[in-house]
Amino acid sequence: MLFQSERIYLRKMTGEDVDVYHTWRNDVEVMRTTNPSMDVYTWEDTNGFVNQVILHASSSKSYMIVDSQTNRPIGITSLIQIDLKNRNAECIIDIGEKEYWGKGYGREALKLLLDYAFLEMNLHRVSLRVFSFNEKAIRLYERLGFKQEGISRQFLFREGKWHDIVHMGILQQEYIT
């Protein structure tokens, strides 16, 4: 267990999480707001991705978001492209279990991840990318202190039209104060 709040805790992702992650990774509703490609993956694809990219990458750390009451994994959050020399990383979050959407679990999980990034790893900066149509996520990130840093215009073609990718970041001193 990494950090915990009243309702959730974060634990390191393991090879035993492939099945649940595979379910989320192939759920169009879950991936609509986070996955640029919207591909369908075989179990072997997901297993390879988890075991080669997620579990054995030296520049990333991935954690399952777990409901404290039921011990049920409800999502995943990660720090990727960790650059210890320059003390920065990018963060990712997906709540895979739809009944947990809109109830503050994403905010709690991201707060735990940022606590870890800034207070334990002593990172200076954490960034993220979000699709411009994901207005709920953008508002959440702004409430946590993220600032918009740029836009990749018309980067994503989804549901018949072009959408921007919004680049956001937060600095350690902005988060801690």
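## A walk through the sheet, its helices and its pocket

Helix H1 lies across strands S2 and S3 (73–83), and H1 runs at about 90° to S3. Please keep in mind that this is a predicted model.

**The sheet.** What is the order of the strands in the open sheet? The 7 strands follow one another as S1-S2-S3-S4-S5-S7-S6, and their pairing is mixed. Strand S1 (8–12) and S6 are at the edges with a single partner strand each, so one side of each has no neighbour in the sheet. From one strand to the next, the twist averages 25°. As a reminder, strands of a sheet pair through backbone hydrogen bonds, either parallel or antiparallel.

Both edge strands have antiparallel partners here. S1 is joined to strand S2 (residues 61–67) by 5 bridges, and the two run antiparallel; in this pair, Ile 8 stands opposite Asp 67 of S2. At the other edge, 8 bridges link strand S6 (residues 147–158) with strand S7 (residues 161–171), again antiparallel. Ser 152 faces Ile 165 of S7. S6 and S7 make a hairpin with 2 residues between them.

**Backbone angles to look at.** Most residues other than glycine have a negative phi, and most peptide bonds are trans. The residues below have a positive phi.

| Residue | Place | Phi |
|---|---|---|
| Asn 71 | loop between S2 and S3 | near 60° |
| Gln 154 | strand S6 | about 45° |
| Glu 159 | turn of the S6 and S7 hairpin | about 55° |

Is Gln 154 buried or exposed? Gln 154 counts as exposed because its relative accessibility is 53%, and the cut-off for exposed is over 50%. Asn 71, at 49%, counts as partly exposed.

**Ser 68 and its contacts.** Ser 68 is also found in the loop between S2 and S3. With a relative accessibility of 23%, Ser 68 counts as partly exposed. Leaving aside neighbours within four places in sequence, Ser 68 is in contact with Ser 5, Glu 6, Arg 7, Ile 8 and Tyr 9. For Ile 8 there is a further detail: its backbone nitrogen lies 3.3 Å from a polar atom of the Ser 68 side chain. By contrast, Ser 68 and Arg 129 are 61 residues apart along the chain, and their C-alpha atoms are separated by 28 Å.

**The helices.** Between helix H1 (18–25) and helix H2 (28–31) there is a loop that holds Asp 27. Asp 27 is buried because its relative accessible area is 19%, and buried means under 20%. Which backbone atom does the side chain of Asp 27 reach? The side chain of Asp 27 comes to 2.9 Å from the backbone nitrogen of Glu 29.

In helix H3 (residues 43–54), the buried residues include Thr 46, Gly 48, Val 50 and Ile 54. The buried residues of H3 pack against H1 and S2. An α-helix has 3.6 residues a turn, so residues three or four places apart point the same way.

**The largest pocket.** The largest pocket has a volume of about 1,500 Å³. Its lining counts 49 residues, and Thr 33, Thr 34, Ile 93, Asp 94 and Tyr 141 lie nearest its centre. Which elements give two or more residues to this lining? They are H1, H2, H3, S3, strand S4 (88–95), helix H4 (105–120), strand S5 (125–131) and helix H5 (135–144).

Note on methods:
Residues are numbered from 1 along each chain as its sequence is written. This is a predicted model: local features need pLDDT of at least 70, side-chain atom pairs count only at pLDDT 80 or more; totals for chains, interfaces and linings use all residues. Side-chain values use heavy atoms; hydrogens and water are left out. Helices (H or I, at least four residues) and strands (E, at least two) are DSSP runs, numbered from the N terminus. Buried means under 20% relative accessible area, exposed over 50%, partly exposed in between (1.4 Å probe, protein chains only). A polar contact is a pair of N or O atoms within 3.5 Å; within protein, one must be able to donate a hydrogen and the other to accept it, and residues adjacent in sequence count only if both atoms are side-chain atoms. Two strands pair if DSSP finds at least two bridges between them. Axes are lines fitted to C-alpha atoms, for helices over the stretch in contact, and angles run from 0 to 180 degrees between N-to-C directions. Contact means heavy atoms within 4.5 Å. On a 1 Å grid over the protein atoms alone, a cavity is a set of points where a 1.4 Å probe fits but cannot get out, and a pocket is an open set with protein on both sides within 12 Å along at least five of seven lines; lining residues have an atom within 4 Å of a point. Grid points are joined across faces, edges and corners, and a volume is the space filled by probe spheres set on the points.
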